[in-house]
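Student: I have a structure open and have not looked at it before. Can we go through it piece by piece?

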2 protein chains.
Amino acid sequence: MEVNVVENVLKLNDEIAAMNRRRFQEAGVTVVNLIGSPGCGKTELLVQTFSQFHGRFGVIAGDLATTRDADRLIRAAHSANAVVQVNTGRGCHLDANQVRHAIDEIDLASLDVLVIENVGNLICPVGFDLGQDSVVGMFSLADGDDKPAKHPHLVHAADLLILNKVDLAPHVTFDKQLFYRDVGRLNDSAVVVETSASMGKIEPWLRWINCD
Amino acid sequence: MEVNVVENVLKLNDEIAAMNRRRFQEAGVTVVNLIGSPGCGKTELLVQTFSQFHGRFGVIAGDLATTRDADRLIRAAHSANAVVQVNTGRGCHLDANQVRHAIDEIDLASLDVLVIENVGNLICPVGFDLGQDSVVGMFSLADGDDKPAKHPHLVHAADLLILNKVDLAPHVTFDKQLFYRDVGRLNDSAVVVETSASMGKIEPWLRWINCD
């Protein structure tokens, strides 16, 4: 019975994700589902994107609790209209229905790119389609070189992988060869870029969303 | 129906956790459920504990994939008998039944302290009792000062909170007052200690497991 319930939940999620995807396409907005560990720098990347991206940009930010991400993002966006916070309570991922309600609060047609910043978690968000065009997985250099190998499903699902906080390289132990080898073994078509969001160095990410 | 299934899963988990707890008590071993984000330094803390703790120590290490943590821990322990790796596949947390099988592979009576290193995830592991004596929540200074506020359920459940990677303080932005204020607001009885596992500085943690 448990398996059937899980299958039904995922089937319903996929149906709503397909509806979201149609709405995104009709509005002409490119949508990214950004999945990364807690503290890998997702919000800082998006704060910097508001400053540096030349297109029209919006964010849906998922977290268990607090509006701290939305508060930071609204300050960067100089507008509350481009940012929606979703609080999931005990929920470990965003689902398509939460996104469906969130996009009711955004004028999709006014955006070129919308990033859905998922709940900080490398595992559960991977299983839930939100209607996005691309999945972006994000790691922090401070979290160690073994994260791709330990999270194969995320690496496998990702169109782009971001290695953030590369400015910390002189201060932590991190084997880049191992990191890239593990990524290549799991997904040889994903693009990998390095950023240092807290230093404002996000050019490869901006190039990717411009071309995607 | 979905709610009933979830309730049944949790009820069964609690029953098995109670069995585990009785086995731990009969063996006279103190058991810690260690919950932290991916890359916060859980395994490095335990590697250092094998070197520095004067009692008899063992680890059950949970991960989606790979035996890298167990390999590191066995090297530190100079013995494969004190370390068991559990691979959860897509599973986002350890449950009591996985721990029940893992402890069949350890001579519990030969240990003073057993740490169950949960899957790197600040959310899902909080809901599953494993039969432990204490819950320890672990954060990395590199992951930012907002993590307690964003993960209130973990902070609320924790007996001890570890702030690791404090050696990175000169290189990252982290408001310690905010961190401590949020922790105090959510759980005013939890002990908080600071460590730098990669530098071998784990004395406050060792004092805590000695006294716990």
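**One residue, then the interface**

Tutor: Start in chain B: the backbone oxygen of B:Cys40 is 2.9 Å from a polar atom in the side chain of B:Asn164. This is a predicted model, where local features need pLDDT of at least 70 and side-chain atom pairs pLDDT 80 or more, while totals for chains, interfaces and linings use all residues. Residues are numbered from 1 along each chain as its sequence is written, chains are lettered from A in the order in which they are written, and side-chain values use heavy atoms, without hydrogens and water.

Student: Which side chain does B:Asn164 join in a polar contact of 2.9 Å?

Tutor: The side chain of B:Thr195. A polar contact is a pair of N or O atoms within 3.5 Å; within protein, one must be able to donate a hydrogen and the other to accept it, and residues adjacent in sequence count only if both atoms are side-chain atoms.

Student: Is B:Asn164 buried or exposed?

Tutor: B:Asn164 counts as buried because its relative accessibility is 2%. Buried means under 20% relative accessible area, exposed over 50%, and partly exposed in between (1.4 Å probe, protein chains only).

Student: New topic. How many residues does each chain put into the contact?

Tutor: Chain A gives 39 residues and chain B gives 39 residues. Contact means heavy atoms within 4.5 Å.

Student: And what area is buried between chain A and chain B?

Tutor: About 3200 Å², with carbon and sulfur atoms giving 63% of it. Buried area is the accessible area (1.4 Å probe) that two parts lose on being put together, summed over both. In chain A, the residues that lose the most area to chain B are A:Arg68, A:Ile123 and A:Lys150, together 20% of what that side buries.

Student: How many salt bridges are there between chain A and chain B?

Tutor: Six. One of them pairs B:Asp69 with A:Lys150, with the closest N and O atoms 2.6 Å apart. A salt bridge is a side-chain nitrogen of Lys or Arg within 4 Å of a carboxyl oxygen of Asp or Glu.

Student: What rotation superposes chain A on chain B?

Tutor: One of 180 degrees, with 0.0 Å of shift along its axis and an RMSD of 0.0 Å. That is the relation of a two-fold axis. The same surface serves both copies, as 100% of the contact residues of chain A recur in chain B. Copies are superposed by least squares on the C-alpha atoms of residues with pLDDT of at least 70 in both.
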